[in-house]
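Hi,

Here's the structure I said I'd pass on to you. Have a look at it first, then read on for what turned up.

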Amino acid sequence: MATVAVSRLLVGGFSFENCRRNALVEGEVRKVGYGLPAARKTGTTICGVVYKDGVVLGADTRATEGMVVADKNCSKIHYISPNIYCCGAGTAADTEMTTQIISSNLELHSLSTGRLPRVATASRMLKQMLFRYQGYIGAALVLGGVDCHGPHLYSIYPHGSTDKLPYVTMGSGSLAAMAVFEDRYKPDMEEEEAKRLVRDAIAAGIFSDLGSGSNIDLCVITKGKVDYIRPHDEANKKGVREKEHEVMQLAGDYKYKRGTTGVLTKVETPLDLEVVEEYVQTMDTS
């Protein structure tokens with residue numbers, strides 16, 4: 001039986017067939033009272049850079065729960081081994097438990113081999129664990145360390161893919177941080193220059209992303225030494241509005257003189273209340 005192969009003419013441009021399919025599926029689902037799951041929005045800025053003698057990792061300290069700031073000073077740079085640390089973005093519980101599990105396994109590996117683990121080993125264990133769960137573990141990681149082969153820096157995505165680069169960023173503020181890196185990075189930087197670059201990259205994420213904020217933590221890893229600086233800097237000082245650019249430095253305390261805004265009408269309604277108990281409770285603003 002003869003078959004005839006008919007070649008279809010290729011049409012340029014984008015295909016929106018899946019958009020129409022998704023709209024149809026959403027309409028059918030809503031008829032029975034359900035809705036499609038929404039994308040989870042997480043807020044963090046983490047990054048790292050390789051310099052002449054080691055690796056500098058950086059992170060902000062804001063933890064959010066929806067639009068609420070749940071923790072203003074959480075630690076996002078996690079211990080993996082004496083020569084390897086890992087920044088975590090995404091779901092806080094997933095980043096905490098994932099790094100703890102890999103840290104425990106690497107400790108057993110180190111005891112078995114009698115030497116410090118290599119950064120590539122930690123990267124392989126993390127990517128295999130995340131790939132096994134097909135992205136359901138919401139952990140976006142920046143892994144950095146120094147081993148017998150020198151300094152290494154990896155970015156690890158929730159589905160298990162990895163990048164090995166001289167500078168990486170992750171999290172919702174990663175685009176602003178990457179802009180700083182692409183503008184000012186150069187190979188074989190000195191330690192102070194690398195720390196200043198990472199600090200400015202995290203600050204860019206803090207000022208450009210609502211999900212990032214509070215302080216800036218740094219972790220400087222060199223051969224045989226780790227300097228975990230927490231906090232390294234406080235980017236958002238309370239009551240002070242500051243432009244990062246030196247050309248346009250503006251500062252204000254948001255206090256205006258009486259009469260700045262004109263009052264059109266004024267109504268006073270007396271309330272007949274009886275005070276039963278009165279006490280003052282101070283709010284934690286640290």
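Let's begin with Lys195: is this residue buried or exposed? Its relative accessibility is 10%, and buried means under 20%, so Lys195 counts as buried. Keep in mind that this is a predicted model, so everything here describes a prediction. Lys195 sits in helix 5. Leaving aside residues up to four places away in sequence, Lys195 touches Val56, Leu218, Val220, Ile229 and His232.

Next, the hairpin. Strand 11 (residues 215-222) and strand 12 (residues 225-234) run antiparallel and are joined by seven bridges. One of the pairs to look for is Asn215, whose bridge partner in strand 12 is Glu234. Two residues lie between the strands of this hairpin, and Gly224 in the turn has a positive phi of about 85°.

Now for helix 4, which covers residues 174-184. Which of its residues are buried? They are Ser174, Ala176, Ala177, Val180 and Phe181. If you look down the axis of helix 4, these buried residues fall within an arc of 170°, so they line one face of the helix. They pack against strand 1 (46-50), strand 10 (167-170) and helix 5 (191-208). On the face turned away from the buried side you'll find the exposed residues Leu175, Glu182 and Asp183.

There's also a sheet to trace. It is an open one with five strands in the order 5-6-7-8-9, and the pairing is antiparallel. At the edges are strand 5 (77-81) and strand 9 (162-164), each pairing on one side only. From one strand to the next, the twist averages 20°. In case the pairing idea is new to you: strands of a sheet pair through backbone hydrogen bonds, either parallel or antiparallel. For an example, try strand 8 (residues 150-156), which pairs with strand 9 in the antiparallel sense over three bridges. Ser155 stands opposite Asp163 in strand 9.

Two helices pack on this sheet. Helix 2 (residues 92-113) touches strand 5, strand 6 (84-90) and strand 7 (139-147), and its direction makes about 15° with that of strand 5. Helix 3 (residues 119-132) touches strand 5, strand 6, strand 7, strand 8 and strand 9, with a direction at about 165° to that of strand 7.

Cheers

Terms used:
Residues are numbered from 1 along each chain as its sequence is written. This is a predicted model: local features need pLDDT of at least 70, side-chain atom pairs count only at pLDDT 80 or more; totals for chains, interfaces and linings use all residues. Side-chain values use heavy atoms; hydrogens and water are left out. Two strands pair if DSSP finds at least two bridges between them. Helices (H or I, at least four residues) and strands (E, at least two) are DSSP runs, numbered from the N terminus. Axes are lines fitted to C-alpha atoms, for helices over the stretch in contact, and angles run from 0 to 180 degrees between N-to-C directions. Contact means heavy atoms within 4.5 Å. Buried means under 20% relative accessible area, exposed over 50%, partly exposed in between (1.4 Å probe, protein chains only). The arc is that of the directions from the helix axis to the C-beta atoms.
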